Amino acid sequence: MEERKLLLGDEAVALGAIHAGLRGVYAYPGTPSTEITEYIQMYESRYAAGIHCSWSTNEKTAMEEALGMSYAGCRSMVCMKHVGMNVAADAFVNSAMTGVNGGLVVVAADDPSMHSSQNEQDSRFYGKFAMIPVLEPSTQQEAYDMMSYAFDLSENEKLPVLLRLTTRLAHSRSAVAADPDLYDYRPLEPARDPSSWVLLPANARRRNQALTSAQPRLEKLSSESPFSSLSVPESRRSALGIIACGTGYNYVMENGALSSGIPVLKIGQYPLPGDRIRELAGMCDRILVVEDGQPFIEEQVKGFVGADYEILGKLTGALPRTGELNPDTVARALGKTPEPVYATPRNLAARPPALCLGCGHRDVYIALNKVLASYPGARVFADIGCYTLGALPPFCAIDTCVDMGASVTMAKGAADAGIFPAVAVIGDSTFTHSGMTGLLDAVNDRSNITVVISDNLTTAMTGGQDSAGTNKFEAICIALGVEPEHVRVVVPLSRNMDDITAVIREEIDYQGVSVIIPRRECIQTAARKARSAGNDIKKTERK
Amino acid sequence: MKYDIILSGVGGQGILSIATIIADAALGAGLYLKQAEVHGMSQRGGAVESGLRLSDSVIYSDLLPSGSADMILSMEPMEALRYLPFLKKDGCIVTSSVPFRNIGDYPEEAVRSAYQVLPRTFSLDIETLAKENSLPKSANMILLGAAARHIGILTPEQLKESIGNVFGKKGPAVTDANLRAFDIGYNH
């Protein structure tokens with residue numbers, strides 16, 4: 001029976017996947033994708049449905065685990081933020097070479113405007129790179145509807161399917177009509193054909209041929225997709241035409257493009273449908289491309305309509321080249337003059353995010369700053385997490401933050417070049433995500449680095465998900481070859497400051513790899529546990 | 001008929017609970033709704049904002065166009081002012097009057113003078129009201145009650161029903177406290 005629910009774009013993806021017969025979701029938390037997996041974890045009848053949904057150590061392990069589930073004949077989904085695609089890329093690109101058995105949908109949530117990210121990379125390029133179908137919803141309802149379509153498409157074409165979201169849709173809520181009885185999915189038999197799944201060059205060449213020759217068919221499917229449409233005014237003639245996708249399409253509609261007689265080609269599926277683009281071009285003199293992210297469509301459209309045809313968009317300055325689109329930027333691109341509005345008062349103070357009061361990372365940075373004050377050559381290579389906020393005042397304690405795990409490896413490279421002290425600061429979850437292999441490099445080279453694993457027992461920045469290495473860090477570091485006497489655990493509290501600074505000083509002065517693990521639970525997760533324990537006590541008292 | 005609201009405040013002040021209740025009421029009333037939230041890093045004591053769009057016809061954009069908000073509803077007076085370009089010329093601001101001082105130099109004077117020239121501002125000390133009425137955790141519902149006088153597209157009864165829906169799972173005591181807080185704001 002159909003039901004109406006108020007869902008985030010992320011939650012609509014999750015519910016759509018559940019209703020399409022999902023057997024497992026594999027993911028590493030990352031804004032704005034985290035709520036997809038969390039919704040499945042909280043889903044009431046999850047146990048009845050038997051859906052695997054615990055967190056993976058990183059996006060690459062997630063991608064491979066999902067591929068294994070697909071191999072076994074079940075429907076699986078992988079979710080990540082856009083930069084997670086870089087980590088998963090080896091498995092992702094090669095999953096298009098093996099092909100899939102059970103439906104496999106990869107969800108990448110891009111972050112135009114970098115609300116919570118370090119770049120604006122556009123995941124649609126990965127879809128084109130791997131030569132697989134890409135779906136892009138405009139609304140929460142489409143996000144839901146696309147999931148069963150995506151799994152069917154994946155199984156029909158025997159290819160993984162990429163679903164691309166942006167922050168604005170992932171984190172916006174709207175009513176969604178959902179149908180739990182939509183689907184009665186029966187898993188397939190496990191795959192049997194090693195000639196597809198063993199990518200020896202001879203097999204891979206054959207697979208590459210098949211994948212390449214599937215491209216015209218994939219383009220035809222895009223042209224016929226229920227999520228793409230060409231809306232044409234009665235006159236069938238307009239100076240301007242629009243190609244729009246995702247949230248960009250919403251801003252075009254918000255500005256009343258159709259009622260002003262402008263034909264609009266909505267793209268919901270890739271590879272781009274050349275016939276539809278040529279049809280639009282035939283009824284207009286020029287085309288405006290409205291897409292959130294990088295100019296992915298805009299760059300390709302020229303190839304369909306010829307170099308002389310006028311294309312407007314991010315490359316021509318009609319729309320801003322960076323940052324997410326909004327109704328105002330699209331209005332200006334459509335030639336509308338903005339009405340005067342209230343100005344933001346001058347002299348308002350910025351209110352940047354900050355480490356929580358009472359957070360253990362604070363004590364770590366206070367201690368580091370104290371010790372490093374006497375080492376003028378010191379550099380601190382940090383990593384991705386709440387503790388990146390150590391870059392801001394009052395700490396100003398870190399010198400770099402690049403990508404997951406880069407603290408350990410950049411410290412090693414800098415130490416190789418003579419930087420001393422070279423200190424790495426990495427969180428517990430980031431360390432197991434991508435820091436362990438770098439630590440092994442450092443151990444094997446006897447690099448002179450000090451690695452601080454600031455362990456708050458959770459993946460804090462994304463809201464307190466389980467951390468893969470909890471209770472295992474000393475064992476991991478020792479097993480990787482760090483001398484046991486140089487794996488030091490401290491408790492980051494202000495009353496322990498003398499102890500912590502002494503430990504840091506000793507380990508900096510040790511010539512070799514040392515690891516300091518300041519360990520204290522994230523105050524957010526601790527407070528949440530205390531609240532829920534308190535509620536349980538109250539409930540017991542009422543009984 | 002449509003009604004656009006910008007909700008603003010500082011991470012942790014409870015603006016998403018307000019948004020959840022208005023959204024639940026809109027769903028119950030059969031209205032179209034879009035509610036764009038901010039998650040992630042900015043929640044750590046930083047400025048947070050949520051756009052809420054209600055309408056009896058289809059809404060396309062998740063983001064509000066500038067100059068379209070009927071109301072800025074804010075848990076913090078300076079935070080409301082950040083979003084002034086989104087306010088309609090005849091839109092209103094309903095805000096807590098209590099500054100949240102987690103930054104070095106809070107610009108008291110800039111905030112005061114900005115409010116002096118804004119035509120429709122409803123400012124109330126929700127924290128004192130919450131304390132006086134022994135409702136320490138329900139300041140945000142006092143603010144919602146005060147806003148309910150102006151949100152024409154939903155009735156106070158519809159909003160109160162949604163307070164029940166949203167807080168119901170936390171037990172009757174929590175629901176009652178929040179309903180009482182709503183009434184205090186509404187009658188203030």
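This text walks through selected helices, the nonpolar cores and one buried cysteine of a predicted model.

Start at the N-terminal end of chain A, with helix H1, residues 9–19. Eleven of its eleven residues are buried, so H1(A) is largely enclosed by the rest of the structure. The buried set takes in charged side chains as well as nonpolar ones: A:Asp10 and A:Glu11 belong to it, and so do A:Val13, A:Leu15 and A:Ile18. After the helix comes A:Gly21, with a positive phi near 95°.

Helix H7 of chain A, residues 140–157, is mostly covered, with 13 of its 18 residues buried. At 1.5 Å a residue, its 18 residues should span 26 Å, and the end C-alpha atoms lie 25 Å apart, which agrees. H7(A) nevertheless bends, by about 30° at A:Met146. The residue that follows H7(A), A:Lys158, has a positive phi, near 55°.

Next, the nonpolar interior. The largest nonpolar core holds 56 residues, and A:Tyr365, A:Val425, A:Leu439, A:Ile449, A:Val451 and A:Ile453 have the most contacts inside it. Helix H16 of chain A, residues 360–372, gives the most to this core, contributing six residues. A second core, separate from that one, has 51 residues, including A:Tyr26, A:Ala191, A:Leu218 and A:Phe296. Back in the largest core, A:Leu439 is worth a look. Leaving aside residues up to four places away in sequence, A:Leu439 touches A:Val408, A:Phe431, A:Val451, A:Cys477, A:Leu480, A:Val482, A:Val513 and A:Val515.

Further along chain A, A:Cys522 sits in the loop between strand S18 (514–518) and helix H21 (523–542). Is this loop residue buried or exposed? With a relative accessible area of 12%, A:Cys522 falls under the 20% limit and therefore counts as buried. Its contacts, apart from residues up to four places away in sequence, are A:Asn456, A:Thr458 and A:Ala460. A:Asn456 is 66 residues from A:Cys522 along the chain, yet their C-alpha atoms are separated by 4.8 Å.

Chain B offers a helix pair. Helix H1 (residues 15–28) and helix H6 (residues 156–167) of chain B have axes that come within 8 Å and cross at roughly 115°. The crossing of H1(B) and H6(B) is right-handed. From H1(B), the contact is made by B:Thr20, B:Ile21, B:Ile22, B:Asp24 and B:Ala25. H6(B) meets them with B:Gln158, B:Leu159, B:Ser162, B:Ile163, B:Asn165, B:Val166 and B:Phe167.

Note on methods: Residues numbered from 1 in each chain as written. Chains lettered and ligands numbered in written order. Predicted model: local features only at pLDDT ≥ 70, side-chain atom pairs only at ≥ 80, totals over all residues. Heavy atoms only, no water. Helix = DSSP H or I, 4+ residues; strand = E, 2+ residues; numbered from the N terminus. Expected span 1.5 Å × (residues − 1). Bend = angle between axes of the 7 residues up to and from the residue. Buried < 20%, exposed > 50% of the residue type's maximum accessible area, 1.4 Å probe, protein only. Core = buried A, V, L, I, M, F, W, Y, C linked by side-chain atoms within 4.5 Å. Contact = heavy atoms within 4.5 Å. Axes fitted to C-alpha atoms, helices over the stretch in contact; angles between N-to-C directions. Left-handed = near helix turned anticlockwise from the far one by under 90°.
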